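Me: I am new to this structure and would like a careful look at one part of it, set against the whole.

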Amino acid sequence: MVALIPSLPEWVEPVARYMFEVGLPGTLRIAGLALVGSAVIGVVLGTLLTVDSRPLRAAIRLYVEVWRGLPILVTIFVVFFALPSASDALRFDAFTAAAIGLTLWGSAQVAEATRGAVGSIPREQHEASAALGFGWLGRHRYVILPQALRRLLPPFVSLLVNIIQNTTIAQVIGAAELLETGERSAERLTFTTLDTHALEIYGAVAVVFFLISFPLTRLAAYLEKRLI
Amino acid sequence: MLAVTVDWSYFSTYGGELIAAIGRTLLVSVIAVVGAALVGLVLGAARAHRIPVVSQLAAIYVEVIRNTPILVQIFFVFFGLPSVGITLDAFTVACLTITVWGGAFNTENFRAGFEAVPNRYREAGAALGFGRMRTFLDVTLPIGGRIALPPSINTFISVVKNTSLLYVIGYQELTYTAYNINALSPRTLESFGTLAVAYLVIVWTMSGLIRLLESRLALPTEAR
């Protein structure tokens with residue numbers, strides 16, 4: 001048989017297999033954990049940012065400004081290297097530490113967006129639901145948040161894109177996500193083929209991220225037009 | 001129990017090294033902020049005015065940069081390009097990658113800003129006998145530039161935070177230096193505490209300045 005498609009070099013298959021079977025699931029695992037964590041903590045904190053308690057608001061504001069202000073790499077370093085020296089109970093593996101770091105950052109973003117979305121729900125909605133006998137919790141649970149969440153959809157999709165891209169920072173502490181598996185492959189190839197093939201490998205990593213991110217950024221732009 | 005005791009001798013030993021590292025963080029930040037502003041201004045204008053070829057190439061540039069992680073971009077340039085004979089030193093890669101990233105986001109910021117300028121303003125410019133360039137410089141830029149200011153300053157803050165990723169190419173900025181000091185003589189609280197506080201001071205100072213600048217440069221309501 002004459003191959004119509006030029007066959008790939010021999011080193012490609014095992015590398016691709018490793019990156020897709022170990023790296024990509026690792027990336028998605030960190031991203032999934034961080035997305036859920038950011039959404040839950042962020043919506044709660046953002047809603048609490050609209051209540052009438054100065055000390056509570058100040059505390060949440062501090063949380064938001066600190067985790068938004070720090071580079072994510074620094075947050076992950078603090079979680080991974082500094083927390084264990086404070087207490088042994090705070091020792092996390094690289095995956096968990098990366099997910100925690102991304103969650104701290106992501107929840108701060110979501111809190112800020114939620115505050116805006118909850119604040120944009122007309123005052124009458126609060127008053128009407130209070131008149132129906134709902135308490136603060138019921139008012140937010142059944143009336144305010146369902147409407148606010150709709151407005152939060154576009155920023156959530158943008159957050160997802162950012163979280164997926166930022167999972168690569170977990171490479172620095174050695175979590176086996178896509179970039180890390182690519183880096184390990186390049187290192188191993190140096191010994192077997194005397195060439196790192198780094199250009200092809202990092203190029204491929206970029207392509208995979210592009211294929212995931214591009215449709216999502218389009219979706220975010222579309223939702224922004226549709227929902228607002 | 002959390003044991004929190006600060007060893008102050010840490011700062012007399014490593015203070016100088018850390019300050020030099022903050023200097024390098026700020027140096028790359030300033031170069032990248034200026035570079036990204038220029039790239040964003042030129043390409044944003046090309047996008048908004050739909051200048052053929054340049055506009056399409058700028059759109060591709062923006063999508064590629066925005067949809068790939070900056071850390072992968074840094075790896076590609078620093079570790080990937082040498083296999084095709086392009087070897088750049090850490091400082092060059094630092095300035096280049098951070099500028100290219102910020103430039104893509106600023107292109108979008110400025111494009112949106114320029115497109116938000118009502119067309120009748122440009123027509124007014126034409127009616128006054130202004131050429132295309134003069135209309136841009138005297139009408140579109142002052143108004144659209146101010147609309148683009150808040151998002152582009154957010155991009156600048158991200159640019160500064162992204163310099164921490166230069167850790168991976170061994171450029172001795174703040175994150176790399178604090179990490180290495182801790183690796184040599186583990187005083188975790190002091191190293192990572194200093195690291196975090198230094199970034200917060202830089203970022204919070206920037207966002208404070210923004211609010212000042214925003215209120216000074218805000219468009220008079222007349223113009224809207």
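Read along the sequence, what pattern does chain A follow? After that, please look closely at H6(B) and at which residues make its contact with H8(B).

Reply: This is a predicted model, in which local features need pLDDT of at least 70 and side-chain atom pairs count only at pLDDT 80 or more, while totals for chains, interfaces and linings use all residues. Residues are numbered from 1 along each chain as its sequence is written, and chains are lettered from A, with ligands numbered from 1, in the order in which they are written.

Read along the sequence, chain A runs α-α-α-α-α-α-α-α, which amounts to eight helices and zero strands (DSSP runs numbered from the N terminus, helices being H or I with at least four residues and strands E with at least two). The C-alpha trace of chain A spans about 75 × 50 × 25 Å along its principal axes, and 42% of the 228 residues of chain A count as buried (20 or more other C-beta atoms, placed from the backbone, within 10 Å of the residue's own). Chain B likewise has eight helices and zero strands, and it follows the pattern α-α-α-α-α-α-α-α. The C-alpha trace of chain B spans about 70 × 45 × 30 Å along its principal axes, and buried residues make up 39% of the 224 residues in chain B. Among the contacts in chain B between residues at least 6 apart in sequence, 78% join residues at least 24 apart (a contact needs C-beta atoms, placed from the backbone, within 7 Å).

Turning to H6(B), which covers residues 132-162, we can take its two partners, H8(B) and H4(B), in turn. Helix H8 of chain B (residues 188-217) packs with H6(B) at an angle of about 170 degrees, their axes lying 11 Å apart (lines fitted to C-alpha atoms over the stretch in contact, with angles from 0 to 180 degrees between N-to-C directions). That angle makes H6(B) roughly antiparallel to H8(B) (over 145 degrees). On the side of H6(B), the contact is made by Arg146(B), Leu149(B), Pro150(B), Ile153(B), Ile157(B), Val160(B) and Lys161(B), while H8(B) brings Ile202(B), Val203(B), Met206(B), Ser207(B), Ile210(B), Glu214(B) and Leu217(B). These residues divide into 10 nonpolar, one polar and three charged (Ala, Val, Leu, Ile, Met, Phe, Trp, Tyr, Cys and Pro are nonpolar, Asp, Glu, Lys and Arg charged, and the others, Gly among them, polar).

The other partner, H4(B) (residues 90-115), has an axis that comes within 8 Å of that of H6(B), and the two cross at roughly 155 degrees. H4(B) is therefore roughly antiparallel to H6(B) as well. In this contact H4(B) supplies residues including Ile98(B), Trp101(B), Gly102(B) and Phe105(B), and H6(B) supplies residues including Thr140(B), Gly144(B), Gly145(B) and Ile147(B). The residues of the contact of H4(B) with H6(B) divide into 10 nonpolar, 10 polar and no charged.

H8(B), which packs with H6(B), also takes part in the meeting of the chains, where the contact takes 33 residues from chain B and 33 residues from chain A. The elements of chain B that give two or more residues to that side are H2 (54-66), H3 (70-80), H7 (174-184) and H8, and H8(B) gives the most, with nine residues. The side of chain B that touches chain A divides into 23 nonpolar, seven polar and three charged residues. H3(B), one of the elements just named, is mostly covered, with 10 of its 11 residues buried, among them Ile70(B), Leu71(B) and Phe75(B).

Note on methods. A residue is buried if 20 or more other C-beta atoms lie within 10 Å of its own, exposed if 12 or fewer, and partly exposed in between; C-beta atoms are placed from the backbone. Angles under 35 degrees count as roughly parallel, over 145 as roughly antiparallel, 65 to 115 as roughly perpendicular and the rest as oblique. Two residues are in contact if their C-beta atoms, placed from the backbone, lie within 7 Å.
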